[in-house]
Amino acid sequence: MDLKMQDKVYLVAGASKDLGFAIAERLAQEGARLSLCSSDEERMNSAVQRLPAPGECLAVRCDVRNGEDIAAWVNASMARFGRIDGLVVNAGGPVPGQFDQFDDEAWQNAFNLTLMSAVRMIRAVLPVM
């Protein structure tokens, strides 16, 4: 299937495993150039080696809860590729558990990971797209 991704530049967050890796793998199969991030640098580097075109990849350690990390990822991507054509907003979920077992800090961490990371990623990428 030709998804018209040849030479497009995509940023994929949380790309070292699960859904993020599957999306990165499909984009790579379609010829996209990728900038991938994960908070786990070792797992990220391993994931890049499993992609169909690892030479067309930039791997960046990035905690998507942190706006400065996101800005550094976007800046590194622009420096490497000169443009960004798309962003895949993806982050892991909060730790599993029962509703009444979470304290305020756990809820705040979940909020930062699932909502604010998306807001920060979009806000960082929009000016350069």
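## Two cysteines, no bond

Cys62 sits at 2% relative accessibility and counts as buried. Keep in mind that this is a predicted model, and that goes for everything below. Cys37 is buried too, with a relative accessibility of 0%.

How many disulfides does the structure hold? The tally is zero. Start from Cys62: its closest cysteine sulfur belongs to Cys37, and at 4.2 Å that is too far for a bond. Starting from Cys37 leads back to Cys62, again at 4.2 Å and too far for a bond. The cut-off for a disulfide is a pair of cysteine sulfurs within 2.5 Å, so the 4.2 Å between Cys37 and Cys62 rules this pair out.

## Strand S2 and its neighbours

Cys37 brings us to S2, the strand that spans residues 33-38. Is S2 mostly covered or mostly open? Mostly covered, with six of its six residues buried. That holds for both faces: Arg33, Ser35 and Cys37 are buried on one side, while Leu34, Leu36 and Ser38 are buried on the other.

S2 has a parallel partner in S1 (residues 9-12), and four bridges join the two. Within that pairing, Leu11 stands opposite Ser35 in S2. To get from S1 to S2 the chain goes through helix H1 (residues 18-29), making a right-handed β-α-β crossover. S2 also pairs with S3 (residues 57-61), again in parallel, through five bridges. Ser35 turns up here as well, opposite Leu58 in S3.

## Strand S1, seen from its other partner

S1 is covered on both faces, much as described for S2: Val9 and Leu11 are buried on one side, and Tyr10 and Val12 are buried on the other. Which strand besides S2 does S1 pair with? It's S4, running parallel to S1 and joined to it by three bridges. In that pairing, Tyr10 stands opposite Gly86 in S4.

## Two positive phi angles

A couple of aspartates have backbone angles you may want to look at. Asp7, in the segment before S1, has a positive phi of about 65° even though it isn't a glycine. With 39% relative accessibility, Asp7 counts as partly exposed.

Asp18 is the other one: no glycine either, yet its phi is positive at about 55°. Where does Asp18 sit? You'll find Asp18 in helix H1, the helix on the way from S1 to S2. Asp18 is exposed, with a relative accessible area of 60%.

## Salt bridges

Searching the whole structure turns up six salt bridges. One of them pairs Arg26 with Glu30, where the closest N and O atoms are 2.9 Å apart. The two ends differ in cover: Arg26 is partly exposed at 33% relative accessible area, whereas Glu30 is buried at 10%.

Back in S2, Arg33 makes a salt bridge with Glu56, and here the closest N and O atoms are 3.6 Å apart. Which parts of the chain does this pair link? Distant ones: Glu56 is in the loop between helix H2 (41-50) and S3, Arg33 is in strand S2, and 23 residues separate them. Arg33 counts as buried at 18% relative accessibility, while Glu56 comes out partly exposed at 36%. Then there's Arg61, whose side chain meets that of Asp69 in a salt bridge at 2.9 Å, N to O. Arg61 is partly exposed at 39% relative accessibility, and Asp69 is buried at 18%.

## A nonpolar patch on the surface

Which residues make the nonpolar surface patch of about 260 Å²? Val89, Ile122 and Leu126 do. Val89 comes from the loop between strand S4 (86-88) and helix H4 (104-125). With a relative accessible area of 37%, Val89 is partly exposed; the cut-off for joining a patch is over 30%, so Val89 clears that part of the test.

Note on methods:
Residues are numbered from 1 along each chain as its sequence is written. This is a predicted model: local features need pLDDT of at least 70, side-chain atom pairs count only at pLDDT 80 or more; totals for chains, interfaces and linings use all residues. Side-chain values use heavy atoms; hydrogens and water are left out. Buried means under 20% relative accessible area, exposed over 50%, partly exposed in between (1.4 Å probe, protein chains only). Two strands pair if DSSP finds at least two bridges between them. A crossover is right-handed if, with the strands pointing away from the viewer, the path from the first strand over the helix to the second runs clockwise. Patches are made of residues with over 30% relative accessible area and no salt bridge: like charges are joined within 9 Å, nonpolar side chains (Val, Leu, Ile, Met, Phe, Trp, Tyr) within 5 Å. Accessible areas come from the Shrake-Rupley method with a 1.4 Å probe; for residues, only the protein chains shown count as cover. A salt bridge is a side-chain nitrogen of Lys or Arg within 4 Å of a carboxyl oxygen of Asp or Glu.
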